[in-house]
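Got your viewer open? Load the model below and follow along, one selection at a time.

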Amino acid sequence: MFKHVDFYAGDPILELVNEFLNDTNPNKVNLGIGIYYDENGQLPVLECVKIAEKRMADPISPRPYLPMDGLPSYKKACQQLLFGKDAPILQENRIATLATIGASGALKVGAEFINAWFPTSKCYVSDPTWVNHIAIFEGSGVEVGSYPYYDKKTVSVKLDAMLSFLNSLNKNDVVLLHPCCHNPTGVDLTPEQWDKVLEVMKNRELIPFMDIAYQGFGESLDEDAYAIRKSVELGLPLFVSNSFSKNLSLYGERIGGLSIICPTEEEAVRVLGQLKLIVRRIYSSPPSHGGHVVDIIMNDDTLYEQWVGEVYAMRDRIKAMRFKLKSVLEAKLPERNFDYLTTQKGMFSFTGLSPEQVERLKTEFGVYLLATSRMCVAGLNIHNVDYVANAMAEVLKD
Ligand code: LMR
């Protein structure tokens, strides 16, 4: 009966996790999936999360269905984080916000909305991008193309090529952008470069869809939202998908949000209605536990401050690992330039290793990177960084 059903080889990122788990090498290091591990290689539970969970456990409250668009205070918290606590836009009631099942859920609901209401729009993603961006939009019936982004030679953005490509797009085409900590390259646009990109977006009447999954891991919670806030300032229509998986270390809770900035309050009501309809047809309402944890932390000044400190501690540890890896590699291979390790931002580094070198790292050393050469720097720690650097130097020297 199911003989005609195609085989699924698995997702390149999630399959690698399984391979890693099955590896018996005692020295193995997982630098594949984008997960932050602490200095002991453990997945942390943030202190602010522990406090919020304790409050939720005493007394344990009933679990009704949440509204289709999530808790109002959670939605407000997403908006404040993305657009700024005192941003005038927050008073204008023209942001349609929805709590979603992670940022993946936000992308899916957003893609379904685009397919339904902008059926002739294409979606353009950066070359390269997170593999699932393409899968999600194509899976929703949206045609996907790519815009020039990463320059392998200079380890920076091909800005001129990107701008001229964007200038060739049609009105209402969607451009998927990473406001900070570009996945997979770690190469971000500077504020000046963002200004140029957004000017083209405005002139060509394109729709920016900003996917922000690493807010706080680049520079700061505010600076990482520069492109989002600048788009608001320029009066662009704007889709934003956001995630609390990484910056609250709440991966499995699947908590995120989708916000669409509309020109008027009346349009925002209609847009939110259609988003709810999409949600109802797929999963009815968002999960409640993670949403409540976020809600407690974001709406309590003390817990919020504590959270900010914890996000920045994660950010700083990743940065320290970048410097450490760079210094060991430079000592071992002085003829090579490893500056890219410390100029890239966030969890990821595009290392430029060939697929063969990545394979050798895995089979000979148990060091797991994605085949594209993406390394999750947040998997490094003081105990494994020398080992990884030695392994990298070994495969790079031949
Ligand atoms: C990643 O890029 O590794 C993360 O965003 C996790 C995922 O779901 O792919």
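**Around the ligand**

Start with Gly-34: one of its backbone N or O atoms lies 2.7 Å from an oxygen atom of the ligand, a polar contact (a pair of N or O atoms within 3.5 Å). The protein covers 81% of the 260 Å² of accessible area that the ligand has on its own, with areas from the Shrake-Rupley method and a 1.4 Å probe.

Before going on, note that this is a predicted model, where local features need pLDDT of at least 70, side-chain atom pairs count only at pLDDT 80 or more, and totals for chains, interfaces and linings use all residues. Residues are numbered from 1 along each chain as its sequence is written, and side-chain values use heavy atoms, with hydrogens and water left out.

Next, pick Trp-130, where a side-chain N or O atom is 2.9 Å from an oxygen atom of the ligand. Then try Lys-246: one of its polar side-chain atoms lies 3.1 Å from a ligand oxygen.

Now select the full shell: Ile-13, Ile-33, Gly-34, Trp-130, Asn-183, Tyr-214, Lys-246 and Arg-374 surround the ligand, each with a heavy atom within 4 Å of it. How many of the shell residues are nonpolar, polar and charged? Four are nonpolar, two polar and two charged, with Gly counted among the polar ones.

**Cis prolines and a positive phi**

Stay with Asn-183, since you already have it selected: a cis peptide bond joins Asn-183 and Pro-184, with omega about 20°. Pro-184 is in the loop between strand S7 (174-177) and helix H7 (191-203); helices (H or I, at least four residues) and strands (E, at least two) are DSSP runs, numbered from the N terminus.

Step over to the loop between helix H6 (159-166) and S7 to find Asn-172. Phi there is near 70°, a positive value in a residue other than glycine.

For another cis peptide bond, go to Asp-58 and Pro-59, where omega is about 0°. Pro-59 belongs to the loop between helix H2 (47-57) and helix H3 (72-83).

**Along H11**

Finish with helix H11 (residues 301-332). At its start, a side-chain oxygen of Asp-300 comes to within 3.0 Å of the backbone nitrogen of Thr-302. Put a distance on the end C-alpha atoms: they are 47 Å apart, which agrees with the 46 Å that 32 residues should span at 1.5 Å a residue (the expected span is 1.5 Å times one less than the number of residues).

Definitions and conventions: Polar contact = N/O pair within 3.5 Å; in protein donor to acceptor, adjacent residues only side chain to side chain.
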